[in-house]
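Me: I have a structure to look at and would like to learn how to read it. Could you go through a few features with me?
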Amino acid sequence: MKIELKHVTKKFPNRDRKIHEFVVAVSDMTVEIPDGSLVSILGPSGCGKSTALNLISGLEAPTEGWIFFDGEDVTDLPPEKRGIGMVFQSYALYPHLTVMKNIMFPLENLKGDKKLTRAEMKKKVEEVARIVQIDELLFRKPKQMSGGQQQRVAIARALVKRPRVLLLDEPLSNLDARLRIQTREEIRRIQKETGITTVFVTHDQEEAMSISDIIIVMKQGVVYQTGRPQDVYDSPANLFVAKFLGTPPINVLGGEVKDGNLYVGHDKVLPVRLKDNADRRVFVGIRPEGLILAGDDDQYVLHGKVKSIQVMGRDNTIVANHHAMSEGTDLRAIVSASDARSVGDSGNVSFKLDPAKVFLFDREDETRVEFEYTGSVNEADEQSEEEHVEE
Amino acid sequence: MVKNKIMKTVVYIFLTVWAVIVLFPFYWMILTSLKDYGVYNGEFVPSLYTTQPTAENYVNAFSQVELGRYFLNTFLFTVLTTLVMLVVIVLAAFAFSRLQFRGKNVLFALFLALMMIPNELVIITNYVTITNWDMRNTFTGLILPSVTSVFYIYLLKENFEQIPDELYKAAKVDGTSDLGYLMRVMVPICQPTIVTIVILKVIECWNSFVWPRLITDDPKYYLVSNGIQEIRENGFGRENIPAMMAAVVVISIPLIILFLCFRKKIMEGVSQGGTKG
Amino acid sequence: MLKNNNKAWLYLLPAIVFLGVFMVYPLFDVLIYSFEEGYNFTSQTYHGIGFYNYSYVLRDPYFLQAVKNTFILVIITVPLSTGIALLIALALNSIKRLKDLFHTVFFLPYVTNTLAVGLVFMIMFKKTPYSDGFINVLIKAFGGNAVDFIDGPYWAKMFVMCLYTIWIVMPFKILILTSALASVDDTYYKAAKIDGTGRLRMFTKITLPMISPMLFYLVITGFIGAFKAYSDEVAIFGTDLNSAGMNTIVGYVYDMLYGNSGGYPSYASAAALILFVIVFTITVINLMISRKAVVETR
């Protein structure tokens, strides 16, 4: 089912009663979630992503704006009439009920002609238990199960009514690292299998990128960017999105576009042309994989001083200083292990930049400043190919 | 080491002495209740044991005075009061812990302030009220003033608030009504606290004396406490002590059994919320 | 959670109605009663407003006797019961074997019917023409003279009254103090032991300060409880406490309301308010002292 949010705003009264200003949790949010897709709402804690989910579920009513399910206005509909299933961070399993009873709970609320007999309920529970693979745990109590198993029960309970929308609120954050990866693949599998439109809220960008069709990046109640994970990563709309996606995070340096070149400190790093041809000071964001060890004859290079090399197996990270960076921040470059070997543990290092991995941002409002790479095209192609091989 | 051993012995002797002081009245009432009326009255120096126990006093306790009726009355009174109170306090605790409404904090503060009002102060008007409502010598009159307890509302509210918010949201998403959530989720989860409250209330009801004494003068409505008083002043020709003791034993037994069954629970509950003395 | 929920008032309705009728209204009503002079219960009329009820009560010898009895009871039983309870709790905490058994036995009086066991105390202490009673047999065995504790001299009656009160209130105090003692962190004792602290010093410098909040709680509730003594007295001396000379303030209130003196809610209200003022004052004084004491130990 297609979900649309149109100019949705949610304000809460301030917790401190004496302050009469409202806290704006979600501000003028307009997004479209296509039928059958898995969409992640991604952002740091307090960004309003859980509120957004609660608005979709109907647990909260928007202060302004409309919500549509398949074109039907559901803004004023209570949660139970929206046909949704929801999974909570702490799973919210009823501690006094068995797994079977927990999953059956939503079915028992059905009234009128939707009312089911015990046998029908049991059949439905068993069916959904099979999908999430907990059919052997039906008579346990939540306390007697591991976190991962509880998570599956929570998903089963959300699915048992065959909802049109599945909402997941930070469903993986209570699991340990290994289980988290396993469970998120599981969620993806279940979503594909059932084809239910799914909205997934998380603060973990890796999690969001790995399973979503679309990600919505939020900060302080405002949607910063929406798009396919790879598109957002490759083309962040602003500095926040660029910083939020990717590990290790993007390198951000102060820079300046002057006379057709991009300078970082004293280093002339890239031949560029801005759309308006004007010279200006900018923030330069360089993805760690966009820093390539430079040869002796390269003209455009970024000079650094190696602090350490972090071995990660396949790739290594060179941690370096640059004179234009502020105290306490380091330049991070991901290079292949063999390349890293050619760089000493200390001493100087110079990088050339992959223009596809470099983004410029306005100094004032931190939005993206488009630029055109004016260097040799071949060189750029070569570099990006290299990049793809590495991936 | 020797000093330690002496210390230990002193401690045990001390504890045993107090245990004897506590237990002796119980022993004495059981002993006396088993003595034959004639034998008891013949003992100028009461003996510490009896060689010919008799059950006759127990028969008398039920046949000569209306002990059975007092028992039944108290049982009814206890069950009804506890049930009605449970409904009242569960609903109120739910509103305070889960629902949002204007004036909630002020109202709750007022409720808490009521905890400081001693029963002795309000009982006068309540007596007049119940009398004016023509409810003397009725169960309704007995029950009404004691079906709310601010303290238990407070205790239950605190407990309800421990239930994570997400459970409520989950239930809402599933279309559970507030009342449904209360009955199907909150009450079962907080069952331990509710059991504690029930036990404390049962003890209170079983022992209540002052209010029933004011509000009933018809022996048909006497509770056990009033029954005991009645027996003492008018029953068994006033002097049949063994029969009185038999009645006392019978009256004491239910609570002692309750206590032995729920020892841990009761002691926990009392240290949490009971006061006596 | 979802919205401003006016249904909440529906859930609160029973509680509000019951509390309103049986607690809030009476609170104001009792004040009014206490100032209505010459109130007649049957016709529900009165002929003036003033302090007559108070002055009557304060001049009534039965009331003065009741006040005297209550104060003696309070002054004797509160310190004694708290002190003995502390000793017992300390003893209980120092042993392992039989601890549970003792604990259970000591709690028994809490779950007994006050009236019922009071009757047992009565027959144990009473001296009749046919029998000296159990206690007098003991006294005689130690070379004393038999006394009738129930119908005899004032001090003897007061003795039984205090003893029974202590017997009744002990379980609660032992329970509270035992759990207070058990909750004192063991590491304090370990640290003190390493420093070579003696037993007595450990008690006065660690145990006592740590449990002082609970101790004061018990003293305060003990005072309040003892001032409201009534049932225990009825249990031992019967309902006609005035003629036994063993009435308490609460007993006086009830007797005025109903019972042998019969139907004077105005006097009862005045007496109840005087009791409330006494209890309130003493509680405030207690709280002030306890605040000081607890701060000092920090």
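Me: How many residues of chain C are in contact with chain B, and how many of chain B with chain C?

Reply: Happy to help! Keep in mind that this is a predicted model. Here, 78 residues of chain C touch 70 residues of chain B. Helix H1 (residues 8-35) of chain C gives the largest share of chain C's side, with 16 residues.

Me: Which classes of residue make up the side of chain C that touches chain B?

Reply: That side has 57 nonpolar, 17 polar and four charged residues.

Me: How should I read a strand, and are the residues of strand S6 of chain A buried or exposed?

Reply: Start with the general idea: in a regular strand, side chains alternate between the two faces of the sheet. Now take S6 (residues 84-87) of chain A: Ile84(A) and Met86(A) lie on one side, Gly85(A) and Val87(A) on the other, and all are buried. Both faces of this strand are therefore covered.

Me: Which way does S7 of chain A run relative to S6(A), and how many bridges join them?

Reply: S6(A) and S7 (residues 165-169) of chain A run parallel, joined by four bridges. In S7(A), Leu166(A) is the bridge partner of Gly85(A).

Me: What are the domains of chain B, and how far apart are their C-alpha centres?

Reply: The domain assignment gives domain 1 (1-54) and domain 2 (66-273). Their C-alpha centres lie 34 Å apart. Seven residues of domain 1 of chain B are in contact with seven of domain 2 of chain B. On the domain 1 side, H1(B) gives the most, with four residues.

Terms used: Residues are numbered from 1 along each chain as its sequence is written. Chains are lettered from A and ligands numbered from 1 in the order in which they are written. This is a predicted model: local features need pLDDT of at least 70, side-chain atom pairs count only at pLDDT 80 or more; totals for chains, interfaces and linings use all residues. A residue is buried if 20 or more other C-beta atoms lie within 10 Å of its own, exposed if 12 or fewer, and partly exposed in between; C-beta atoms are placed from the backbone. Helices (H or I, at least four residues) and strands (E, at least two) are DSSP runs, numbered from the N terminus. Two strands pair if DSSP finds at least two bridges between them. Two residues are in contact if their C-beta atoms, placed from the backbone, lie within 7 Å. Ala, Val, Leu, Ile, Met, Phe, Trp, Tyr, Cys and Pro count as nonpolar, Asp, Glu, Lys and Arg as charged, and the others, Gly among them, as polar. Domain bounds come from an automatic or database domain assignment.
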